[in-house]
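Open the structure in your viewer and keep the selection tool at hand. We will go from stop to stop, and at each one you select something and look.

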Amino acid sequence: MNEQAPGGVPGEERGTGRARFRRYTAASPAGGRWSSTGPAGTGVGAEPGTAPAGDGAPSRAASLCHKAWPASRQCPDIALDLGSARTRAWTLGKRVILDVRTVAFPRTGQSYPVRRGTIVDPEATAQMLGRLLGNRTSRFSHPVIAVTAPTLGGSAFREAAHAAVRPLQPRAVFTVPSAEAIALGAGADTARPLLIVDVGAQLTEVFLLIEGTVTEAHCMAVGTDDLGPTECAHVVDYVADVVTEMLRQDRTANVLDALRRGVLTAGGGALRPELTWRLTERLHAPVRPAPAPHTVAVRGAGRLVQDLQGRTPGENAYGASAPPRP
């Protein structure tokens, strides 16, 4: 079944049992980079273009019930990584990372509002974020918020993310593809082609970046939640098949150059040593986990927020105008 990939050209969707994965090729290096919007609900903006205990990521929450951050200092700007299993937040200035389970507690009981990289319940996600971060903002602060987004999430994820952060009364909301956030957070040199494998709790993604922009992306709705404590062969087989297909179709030697340089892994799955050595064995290429791979995406989004702070009012890091404050 062919479908139009976000910011790209028609891709492929194939089923492999319970696992489904899509292929995405960017129409141009400048396309599909990120989107921005104004205060939630205004429709104003411009558009130029994870893990529970099962995935090995350390938990900083001792219980399911989220405890709000201390309100000792209002934090104007926030970076968010809304993972299927864990939600992570970064704040400008103190650079604190909040790392809790992605779970909400509506009146109907416990809810998991993000599944397989999709925000399935924006209202419950908004309630969760309001409880976690509400006392870190005020009705006068209007933060700028950067949210990491699955590269194949499309406009549906962006719209759901904008609705989810509405309780924080943001001045502007930006979504940045997770691949670019990972590259930023890892401090990777993007002058050369870069292959990234992001293994989350419920989603595995493979990206090729050229000059810092995603030109090809693949995803499979399987992650560490679906694997045993030491079994990752299914994920490795998928990644190896994807890279082999990329090599077969590549006419520019970019994929080969990226392999020779080495594969960067991220997500909670990158904390599993067996994943690294299995990928090294299958790809015949060096594989290195990003520093603190389970938080690298939110740190990259945090670097983006920092960059926005150095810009003139109304201009973001990629030249898109943010709307004026109401």
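The tour below starts with confidence, then visits strands, a loop and helices.

**Stop 1: Colour by confidence**

This is a predicted model. Colour it by pLDDT before anything else. The mean for the protein is 75, and 67% of its residues reach 70 or more. Where is confidence lowest, and where is it highest? Select strand β2, residues 10–16, for the low end: its mean is 38. Then select strand β15, residues 263–266, for the high end, at 97.

Now select residues 1–74. Here the pLDDT is below 50, yet the stretch has 210 contacts in the model beyond near neighbours in sequence. Select residues 312–326 next. Their pLDDT also stays under 50, and the model has 34 contacts for them beyond four places in sequence. Where pLDDT is low, the predicted coordinates should not be read in detail.

**Stop 2: Strand β6 and its partners**

Select residues 86–91, which form strand β6. How many of its six residues are buried? Six of the six are. In a regular strand the side chains alternate between the two faces of the sheet. Show the side chains of R86, R88 and W90 on one side of β6, then T87, A89 and T91 on the other. Both faces are covered.

Add strand β5, residues 78–82. β5 and β6 pair in the antiparallel sense over five bridges. Pick L80 and look across: its bridge partner in β6 is A89.

Now add strand β7, residues 97–101. β7 also runs antiparallel to β6, and five bridges join the two. Pick W90 and find I97 opposite, in β7.

**Stop 3: The loop and G83**

Go back to β5 and β6. They form a hairpin with three residues between them. Select G83, in the loop that links these strands. Is G83 buried or exposed? Its relative accessibility is 2%, so G83 counts as buried. Now select G267 as well. G83 and G267 lie 184 residues apart in sequence, but their C-alpha atoms are 9.7 Å apart in space.

**Stop 4: Helices α1 and α2**

Two packed helices are described by the angle between their axes and the distance between the axes. Select helix α1, residues 122–133, and helix α2, residues 154–164. Their axes come within 8 Å and cross at roughly 40 degrees. α1 and α2 are therefore oblique to each other. The crossing is right-handed.

Which residues meet here? Show P122, T125, A126 and L129 in α1, and A160, A163 and A164 in α2.

**Stop 5: Helix α3**

Select residues 178–186, helix α3. Seven of its nine residues are buried, so α3 is largely enclosed by the rest of the structure. Pick out the buried ones: S178, A179, E180, A181, I182, A183 and G185. Step past the end of α3 to G187, whose phi is positive, near 65 degrees.

**Stop 6: Helices α4 and α6**

Finish with helix α4, residues 233–249, and helix α6, residues 273–283. They pack at an angle of about 35 degrees, with their axes 10 Å apart. α4 passes α6 in a right-handed crossing. Show the side of the contact that α4 supplies: A233, V235, V236, D237, V239, A240, D241 and V243. Then add L275, R278, L279, R282 and L283 of α6.

How values were computed. Residues are numbered from 1 along each chain as its sequence is written. This is a predicted model: local features need pLDDT of at least 70, side-chain atom pairs count only at pLDDT 80 or more; totals for chains, interfaces and linings use all residues. Side-chain values use heavy atoms; hydrogens and water are left out. pLDDT is the predictor's confidence in each residue, from 0 to 100. Helices (H or I, at least four residues) and strands (E, at least two) are DSSP runs, numbered from the N terminus. Contact means heavy atoms within 4.5 Å. Buried means under 20% relative accessible area, exposed over 50%, partly exposed in between (1.4 Å probe, protein chains only). Two strands pair if DSSP finds at least two bridges between them. Axes are lines fitted to C-alpha atoms, for helices over the stretch in contact, and angles run from 0 to 180 degrees between N-to-C directions. Angles under 35 degrees count as roughly parallel, over 145 as roughly antiparallel, 65 to 115 as roughly perpendicular and the rest as oblique. A crossing is left-handed if the near helix is turned anticlockwise from the far one by less than a right angle, and right-handed if clockwise.
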